[in-house]
Amino acid sequence: MKQKCLLFILLSVLFMLSLSCTTGPEEEEAASRVMFFSSSWGEDSIRITDDIMSLDNGATATPRIISGDSTTINGPSIDSLAVDKSRSILYLANTDDGNILVYENLTTAIGDITPERTITVSGISVSEGIDIDSGSSDRLYVGTGSQLLILDNASTLNGTVDADAVIDYNVMSIFLDYKNDRLYAGANYDTTNSIYVFDNASSLTTGATPDRTITITDSDPTKEFNPTGVLVDADNDRLYTCDNSAPNDHYLLIFDNACTLNGSYDELTDSVARGGTQTISLMVDRLDNLYAWPDSPNHVKIYYNASTLKGDITGPDKTIYNVVDSGYGMDYLPY
């Protein structure tokens, strides 16, 4: 009997140890707070708002602000910020200088500080649109307006580097569905109103072509929906996209069945939900909150239960001010 008790205790201890060693996406899903990041061209800054969901509706946040000459931040533009959630590393597409700034001390970063690293890709003068694989592949995806660049071993890169893969598509906004190893890239302005989908993102090589192309149309052929933001909630198989100058005043669109969307879709009849206020950037966190803001914002709008939104979107449930100063890039870190 004593041996059985000892065995039970040993197995219980091993089980508790296994829980304490859990890392990666499971940790992210268990997190209850959200550290909110924005990139602002208004003051050439990164703003970090700790525990944003604890703030009341209408509150004015007091973010930590990274700004000043030492930061070398210069004109961050559309979709210019990405956070590696497993390594707690922030990547900023420094649009006007064409390089990528890297910050690693995210819980304490503030003021006129120098980036831990600066990545410059050979031959590139513009970087616009960025995302990072927080998993084992450690791949960084960067848009240039005319190309999609892929950098391996991103967490170790510093200085001037060559891209590991170059894909000749005009992309502006980028989102990696790391659970399905799938990359979504919104086409740049003046090209096409499409979202390109690349499967097997972790193994993409130079010259790759999309496996699917999602085109959003309007009943008026003279109007186009240009995806300034794109995001996929893999758990609920939902595609979110936005356009700050959208036709029919539907700036934010949500589509079901993201993993199979292919071809042309009408923004009104095929979307499951539509937002009628100007939206240039958006994000959904692991707590099922949708974040959105207009062009040149000083606030973010937050909608609860994003996966259940249907029809015309009302709200928001919460608006938080001072989290950005005229910016486009947003991301978060769960903790």
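User: Two strands pair if DSSP finds at least two bridges between them. This is a predicted model, in which local features need pLDDT of at least 70 and side-chain atom pairs count only at pLDDT 80 or more, while totals for chains, interfaces and linings use all residues. Residues are numbered from 1 along each chain as its sequence is written, and side-chain values use heavy atoms, with hydrogens and water left out. How many bridges join strand 13 to strand 14?

Analyst: Strands here are DSSP runs of E, at least two residues, and helices are runs of H or I, at least four residues, both numbered from the N terminus. Strand 13 and strand 14 run antiparallel. One bridge sets Val 171 against Ala 187 of strand 14. The number of bridges joining the two strands is six.

User: Which residue in the turn between strand 13 and strand 14 has a positive phi?

Analyst: The two strands form a hairpin, with four residues between them. In that turn, a phi of about 55° belongs to Asp 181.

User: On its other pairing, which residue of strand 15 is the bridge partner of Arg 182?

Analyst: Strand 14 and strand 15 also run antiparallel, joined by five bridges. In strand 15, Arg 182 is partnered by Asp 199.

User: Why is strand 14 described as largely enclosed, and how many of its residues are buried?

Analyst: Buried means under 20% relative accessible area, exposed over 50%, and partly exposed in between (1.4 Å probe, protein chains only). Both faces of strand 14 are covered: Arg 182, Tyr 184 and Gly 186 are buried on one side, and Leu 183, Ala 185 and Ala 187 on the other. The strand, residues 182-187, is largely enclosed by the rest of the structure because its buried residues number six of the six.

User: What is the angle between the planes of Tyr 169 and Tyr 196?

Analyst: Rings of Phe, Tyr and Trp (its six-membered ring) pair if their centres lie within 6.5 Å; planes under 30 degrees apart count as stacked, over 60 as edge-to-face and the rest as tilted. The whole structure has six such pairs. Tyr 169 and Tyr 196 are edge-to-face, with centres 4.9 Å apart and planes at 65°.

User: How far apart in sequence are the parts tied together by that pair?

Analyst: Tyr 169 lies in the loop between strand 12 (165-167) and strand 13 (171-177). Tyr 196 lies in strand 15, residues 194-199. The pair therefore ties together parts whose separation in sequence is 27 residues.

User: Is Tyr 169 buried or partly exposed?

Analyst: Its partner Tyr 196 is buried at 9%. Tyr 169 has a relative accessible area of 22%, so its class is partly exposed.

User: Which class does the pair of Tyr 169 and Phe 198 belong to?

Analyst: Phe 198 is buried, at 0% relative accessibility. The ring centres of Tyr 169 and Phe 198 are 6.1 Å apart and their planes are at 80°, so the pair is edge-to-face.

User: Where is Ile 52 found, and which residues does Ile 52 touch?

Analyst: Ile 52 is found in the loop between strand 2 (45-49) and strand 3 (64-67). Ile 52 is buried, with a relative accessible area of 0%. Contact means heavy atoms within 4.5 Å. Not counting residues up to four places away in sequence, Ile 52 touches Val 34, Phe 36, Tyr 291, Val 300, Ile 302, Lys 318, Ile 320 and Val 323.

User: Ring pairs link Phe 36 and Tyr 291 into a cluster with which other residue?

Analyst: Phe 36 and Tyr 291 both touch Ile 52. Ring pairs link these two into a cluster with Trp 293.

User: The side chain of Thr 228 has a polar atom 2.8 Å from the backbone oxygen of which residue?

Analyst: Thr 228 sits in the loop between strand 16 (212-217) and strand 17 (229-233). Thr 228 is buried, with a relative accessible area of 1%. Residues touching Thr 228 include Cys 242, Asp 243 and Asn 244. The backbone oxygen 2.8 Å from its side-chain polar atom belongs to Ile 280.

User: How many disulfides does the structure hold?

Analyst: A disulfide is a pair of cysteine sulfur atoms within 2.5 Å. Cys 242 is buried at 0%, whereas Cys 259 is partly exposed at 34%. The number of disulfides is zero.

User: What percentage of the residues of the protein count as buried?

Analyst: The protein's secondary structure comes to two helices and 27 strands. Of its 335 residues, the buried share is 54%.

Notes: Polar contact = N/O pair within 3.5 Å; in protein donor to acceptor, adjacent residues only side chain to side chain.
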